Amino acid sequence: NDTLNGAPVDPTKVTLTRVDSPVGSPLTLNPNGTVNVAPNTPAGTYTLTYRICEILNPTNCDQAVVTVTVAAAEIVATDDTNPTPINGLVGGLAIPNVYVNDSLNNLPVVLADITGSLVGTLPAGITFNPATGAVGVNAATPAGTYTFDYRICENLNPTNCDTAKVTVNVALAPIDAVADPVGPINGKTGGTNVV
């Protein structure tokens with residue numbers, strides 16, 4: 001959108017120079033006029049000042065500011081349910097990692113790129129490790145359905161977060177009363193502690 005003599009600038013007739021310091025800036029000005037944003041740049045607004053000078057008259061110059069708005073990557077926490085109910089009498093691992101179906105920038109999350117945390121309190125008998133995403137059931141947990149919420153936040157942009165619900169199904173321990181056939185017992189004398 002720059003002009004020289006009222007016409008769009010011909011890059012072969014001007015020189016392009018960055019005026020501000022590139023040190024610490026995530027923006028790079030390329031010789032062809034394009035501007036790159038470095039990977040892992042936090043969300044925010046960044047500026048770059050450049051100058052164009054006419055080659056025919058090197059002192060005929062003007063400068064402008066490029067403003068680039070960087071957005072945070074989309075982060076999605078997805079609800080989880082243990083596929084197989086856990087025996088509440090003995091307990092066990094219900095969900096190895098609640099983060100495996102979550103995404104950051106439309107890709108599966110990498111643990112190094114996010115921070116997980118519990119939202120609210122855990123139901124009695126349920127455990128959650130925010131560092132690994134593991135959900136467990138303690139031994140002697142009554143059968144039932146337990147829920148809690150967790151949150152994942154992007155480390156690059158700590159306010160870029162999403163929340164999901166975890167549902168843990170705890171099953172009854174198998175119980176089986178087996179018939180006890182006894183006898184024959186002498187009916188005249190009877191018997192004690194026959195089984």
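## Two disulfides, two cores and a small sheet

The S-S bond of C53 and C61 has a torsion of about 115 degrees, so this disulfide (a pair of cysteine sulfur atoms within 2.5 Å) is right-handed. Welcome to a predicted model, in which local features need pLDDT of at least 70 and side-chain atom pairs count only at pLDDT 80 or more, while totals for chains, interfaces and linings use all residues. Residues are numbered from 1 along each chain as its sequence is written, and side-chain values use heavy atoms, with hydrogens and water left out.

A search of the whole structure turns up two disulfides. Here they are next to each other.

| Disulfide | S to S | Torsion about the S-S bond |
|---|---|---|
| C53 and C61 | 2.0 Å | about 115 degrees |
| C153 and C161 | 2.0 Å | about 110 degrees |

With the bonded cysteines of the chain numbered in sequence order, the pairing reads 1-2, 3-4. How do these cysteines sit, buried or partly exposed? Buried means under 20% relative accessible area, exposed over 50%, and partly exposed in between (1.4 Å probe, protein chains only). C53 counts as buried at 11% relative accessibility, whereas C61, at 31%, is partly exposed. In the other disulfide, C153 is buried at 14% and C161 is partly exposed at 29%.

Next comes the sheet. Its strands (DSSP runs of E, at least two residues, numbered from the N terminus) follow the order β3-β6-β7 in an open, antiparallel arrangement. Two strands pair if DSSP finds at least two bridges between them. At the edges stand β3 (14-18) and β7 (61-70), each with a single partner strand, so one side of each has no neighbour in the sheet. On average, neighbouring strands here are turned by 30 degrees against each other, direction ignored, with axes fitted as lines to C-alpha atoms. Five bridges join β3 to β6 (residues 44-54), and Y50 in β6 is the bridge partner of R18.

Now to the interior. A nonpolar core is a set of buried Ala, Val, Leu, Ile, Met, Phe, Trp, Tyr and Cys residues joined through side-chain atoms within 4.5 Å. The largest one has 23 residues, of which V98, Y99, V135, Y150, I152, V166 and V168 touch the most other members. Two or more residues each come from β11 (92-95), β15 (126-129), β16 (134-137), β17 (144-154) and β18 (161-171). A second, separate core of eight residues includes L27, L29, Y50 and V68.

Definitions and conventions. Helix = DSSP H or I, 4+ residues; strand = E, 2+ residues; numbered from the N terminus. Axes fitted to C-alpha atoms, helices over the stretch in contact; angles between N-to-C directions.
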